[in-house]
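Hi,

Here is the structure I promised to pass on. Have a look at it first, and then read my notes underneath.

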Amino acid sequence: MNMEKNKGLTLIELIIAMAVGGILILAITTFMEWGSKGFQNTQQELDVQMETQMLVNLIGDRILEGNHIEFSKDTMTIYAIKEAEKTITEKKIIWLDTSTGNLYLFETSGNPTLIVAPDPKSLLAQNVESFFAIVKESKVTLSLTLHRVNRSFTLEQEVKMRNKQVPLP
């Protein structure tokens with residue numbers, strides 16, 4: 001019998017080929033898993049940054065509408081006052097409930113007493129770690145820290161009021 005014409009694979013060659021193929025598949029799977037985790041981490045970080053930016057912009061828009069702003073502890077009060085009539089036309093309160101990390105916005109027309117209590121309709125954001133503002137003349141410096149899935153992001157932004165600050169009536 002002539003063995004030179006036999007062109008088949010031996011069992012050892014087949015086992016070696018399977019082992020090399022298995023190692024390659026394992027390496028590719030590990031690489032894909034690392035890439036997927038990196039994408040998820042980046043996406044979570046971008047999400048928290050975008051949400052923080054949207055909240056600061058929303059608060060900044062409210063500041064632009066007012067002409068008297070007060071900040072005390074975790075509460076910002078924004079008033080729209082008719083200076084000639086010395087009447088409050090609008091009142092907005094942005095309040096951070098530090099026990100839950102929820103940020104609320106309460107709005108009213110006129111100057112009624114505004115009840116500041118947790119309300120799902122007034123909820124702006126959850127998982128807020130800190131919220132504060134520094135009011136100097138017609139400039140307000142906002143700082144907001146949001147926390148999501150082991151990620152925190154702090155954004156500071158200065159907002160210049162459209163209207164000059166007027167005293168409360």
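**A salt bridge along the helix**

E33 and K37 sit 4 residues apart in helix α1, so about one helical turn separates them. Their side chains meet in a salt bridge, with N to O at 3.5 Å. Both ends are partly exposed: E33 has a relative accessible area of 43%, and K37 has 46%. Before you go further, keep in mind that this is a predicted model.

**Salt bridges from the helix to the strands**

The total count is 7 salt bridges, and a couple of others are worth finding on your screen. One of them joins E51 and R148, whose closest N and O atoms are 2.7 Å apart. Because E51 lies in helix α1 and R148 in strand β7, this pair ties together parts that are 97 residues apart in sequence. E51 is partly exposed at 23% relative accessible area, and R148 is partly exposed too, at 22%.

Next, look for E65 and K92, where the side chains form a salt bridge of 3.2 Å, N to O. E65 belongs to helix α1 and K92 to strand β3, so here the parts being tied together are 27 residues apart in sequence. Is K92 buried or exposed? K92 counts as buried, since its relative accessibility is 5% and the cut-off for buried is under 20%. E65, in contrast, counts as partly exposed at 41%. There is also a third member here: E65, E90 and K92 are linked in a network of salt bridges.

**The sheet**

Now for the strands. Five of them make an open sheet in the order β1-β2-β3-β4-β5, with antiparallel pairing. Which strands are at the edges? They are β1 (68-72) and β5 (123-125), each of which pairs on one side only. On average, neighbouring strands in this sheet are turned by 20° against each other, ignoring direction. Helix α1 packs on the sheet and touches β1, β2, β3, β4 and β5, and its direction makes about 30° with that of β2.

As a reminder from class, strands in a sheet pair through backbone hydrogen bonds, in either a parallel or an antiparallel way. You can follow this at both edges. At one edge, β1 and β2 are antiparallel and pair over 5 bridges, with I69 having I78 in β2 as its bridge partner. These two strands form a hairpin with 2 residues between them, and K73 in the turn has a positive phi of about 55°. At the other edge, 2 bridges join β4 (residues 102-109) to β5, again antiparallel. Y104 has L123 in β5 as its bridge partner.

**Two loops with positive phi**

K86 has a positive phi near 55° although it is not a glycine. You will find K86 in the loop between β2 (75-82) and β3 (87-97), where it counts as exposed at 61% relative accessibility. N150 is another non-glycine residue with a positive phi, about 60°. N150 sits in the loop between β7 (139-148) and β8 (151-160), and it counts as exposed at 70%.

**A nonpolar patch**

Last stop: L9, L11, L14, I15 and M18 make a nonpolar surface patch of about 570 Å². Take L14 as an example: it lies in helix α1 (residues 11-65) and is partly exposed, with a relative accessible area of 41%.

Have fun looking around!

Terms used:
Residues are numbered from 1 along each chain as its sequence is written. This is a predicted model: local features need pLDDT of at least 70, side-chain atom pairs count only at pLDDT 80 or more; totals for chains, interfaces and linings use all residues. Side-chain values use heavy atoms; hydrogens and water are left out. Patches are made of residues with over 30% relative accessible area and no salt bridge: like charges are joined within 9 Å, nonpolar side chains (Val, Leu, Ile, Met, Phe, Trp, Tyr) within 5 Å. Accessible areas come from the Shrake-Rupley method with a 1.4 Å probe; for residues, only the protein chains shown count as cover. A salt bridge is a side-chain nitrogen of Lys or Arg within 4 Å of a carboxyl oxygen of Asp or Glu. Buried means under 20% relative accessible area, exposed over 50%, partly exposed in between (1.4 Å probe, protein chains only). Two strands pair if DSSP finds at least two bridges between them. Axes are lines fitted to C-alpha atoms, for helices over the stretch in contact, and angles run from 0 to 180 degrees between N-to-C directions. Contact means heavy atoms within 4.5 Å.
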